[in-house]
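Colleague: I've got a new model open and I'd like to learn how to read it properly. Can you walk me through it, feature by feature?

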Amino acid sequence: MSLYRTELRRLAKRRFTRYMTLLGLVVLAAVVVGVFFTNQRIDATQLARAERQADQQYQEQVRWSEQERAECEKAKTAGTRSDGRYPDDCSVITAPPREQIEAEWFLPSTFDFRKTFDETLIPFAAILALVGFVIGASFVGAEWSTGGMMNLLLWRPKRLTVLLTKLAALLTGILAVTLPAAVLWFAGFWAVATFRGSTEKVTSGVMQSAILTGVRGVALVLVLTTIGFALASLGRHTAMALGGVVAVMVVGQFGLGILLAMASVKFAEAWLLPTYALAWMTKTVTLQDWNSCNATYYGECKPDTLDITWQQSSALFSVGLVVILGAALWAMRRRDIS
């Protein structure tokens, strides 16, 4: 009997796997439905209404500026103290140019596939990564806590082969869910853009970018699934993985973030894992240090910046994966199984 097929069957028949997968898919479906009903397709009537609202806003600004300029001049003539309310020269109180009040401000939300779809892949990857992490931890953690692992090793004594076969079956199952979900996610948001937004200017380059972002999202799901599996195997219990991630996120990330903020550390976000996960999905995250001010020739104040790239994120995640999975394999080989 093939151990790989047996583990695949066991993974598929576990009620926790089914319920957790169903929950993740329901959340994803709710996101698509929510975006569908909160966006509208922009037509000529809405554009005309937005232009009228922009004109009304401009006229209100003109009336307000004229009123304020008149009050300023009256105060200057009477010699009344303005306490900094008015400038020295009342003529500078003017309405903004008409072109600065854009009609787009008054349009309802609309889903532009070209501009927005890549952003939707971030929650997609995050939700399925969480599902994969919990399923992976439970899959092997239940084996340890119920004694199933010890019984299995009686007739399959090759420890590393057994553990890696379980991991391969787990990743196959997660991939079998993630890939169709990604296709449906794409189709769902294409439908949203078609009926509640725009699919204009969607070129082959846009599609290629979306596919590459989706591939990175799938890779992130598989990495976190493996980490959940390895942590649970390392601690011989599902709670080891779940407790470990809670400790890392709550204590290590939020606590560290607060400490770095209190210490006014430059680019504090560079020490936090979510920054690297976001950089992995978006290719680059630019951090800004507003405590610094680099004046330009035009009098602008620009902060120092630091770019976190997907290459840096891939290096960090690769090292973390190798260390955690390597520790799980080492412990599996060295520990006393009883």
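Modeller: Let's start with burial: a residue counts as buried when its relative accessible area is under 20%, and as exposed when it is over 50%, with partly exposed in between. This is a predicted model, by the way. By that cut-off, 35% of the 338 residues of the protein chain are buried.

Colleague: And the overall layout? How many helices and strands are there in the protein chain?

Modeller: The count is 10 helices and four strands. Reading from the N terminus, you get α-α-α-β-α-α-α-β-α-α-α-β-β-α. For how the chain comes together, look at the contacts with a separation of 6 or more: 76% of those in the protein chain join residues 24 or more positions apart.

Colleague: Let's take one helix. How do I look at helix 2?

Modeller: Begin with its span. Helix 2 covers residues 15-37, which is 23 residues, and its first and last C-alpha atoms are 33 Å apart, close to the 33 Å expected at 1.5 Å a residue. Next, ask which side is covered. An α-helix has 3.6 residues a turn, so residues three or four places apart point the same way. Now go through the buried residues of helix 2: they are Thr17, Met20, Thr21, Gly24, Leu28, Val32 and Val35.

Colleague: What covers the buried residues of helix 2?

Modeller: Among the elements doing that are helix 1 (3-13) and helix 4 (113-146), along with strand 1 (111-112) and helix 6 (159-196).

Colleague: Helix 1 and helix 4 both show up there. At what angle do those two pack?

Modeller: The angle is about 110°, and the axes are 11 Å apart. That makes helix 1 roughly perpendicular to helix 4, since 65 to 115 degrees is the range for that word. The crossing is right-handed. On the helix 1 side, the residues that meet helix 4 are Glu7, Arg10 and Leu11, and their partners there are Ile135, Phe139 and Glu143.

Colleague: There are charged residues in that list. Which side chain does Arg10 meet in a salt bridge?

Modeller: Glu143, at 3.6 Å from N to O. The pair links distant parts of the chain, with Arg10 in helix 1, Glu143 in helix 4 and their positions 133 residues apart. Check the burial of each partner as well: Arg10 is partly exposed at 22% relative accessibility, whereas Glu143 is buried at 10%. Then see whether a bridge belongs to something wider. Here, Glu7, Arg10, Glu143 and Lys166 are linked in a network of salt bridges.

Colleague: How many salt bridges does the count come to?

Modeller: Six, taking a Lys or Arg side-chain nitrogen within 4 Å of an Asp or Glu carboxyl oxygen. Try Arg98 next. Its side chain meets Asp55 in a salt bridge, 2.8 Å from N to O. Arg98 sits in the loop between helix 3 and strand 1 and Asp55 in helix 3, so this bridge ties together parts 43 residues apart in sequence.

Colleague: Arg98 also bridges to Glu51. Where does Glu51 lie?

Modeller: In helix 3 (residues 44-78), so with Arg98 in the loop, the pair ties together parts that are 47 residues apart in sequence. The closest N and O atoms of Glu51 and Arg98 are 3.5 Å apart.

Colleague: Are these residues buried or partly exposed?

Modeller: Partly exposed: Glu51 has a relative accessible area of 40%, Asp55 has 35% and Arg98 has 23%.

Technical notes:
Residues numbered from 1 in each chain as written. Predicted model: local features only at pLDDT ≥ 70, side-chain atom pairs only at ≥ 80, totals over all residues. Heavy atoms only, no water. Expected span 1.5 Å × (residues − 1). Buried < 20%, exposed > 50% of the residue type's maximum accessible area, 1.4 Å probe, protein only. Contact = heavy atoms within 4.5 Å. Axes fitted to C-alpha atoms, helices over the stretch in contact; angles between N-to-C directions. Parallel < 35°, antiparallel > 145°, perpendicular 65-115°, else oblique. Left-handed = near helix turned anticlockwise from the far one by under 90°.
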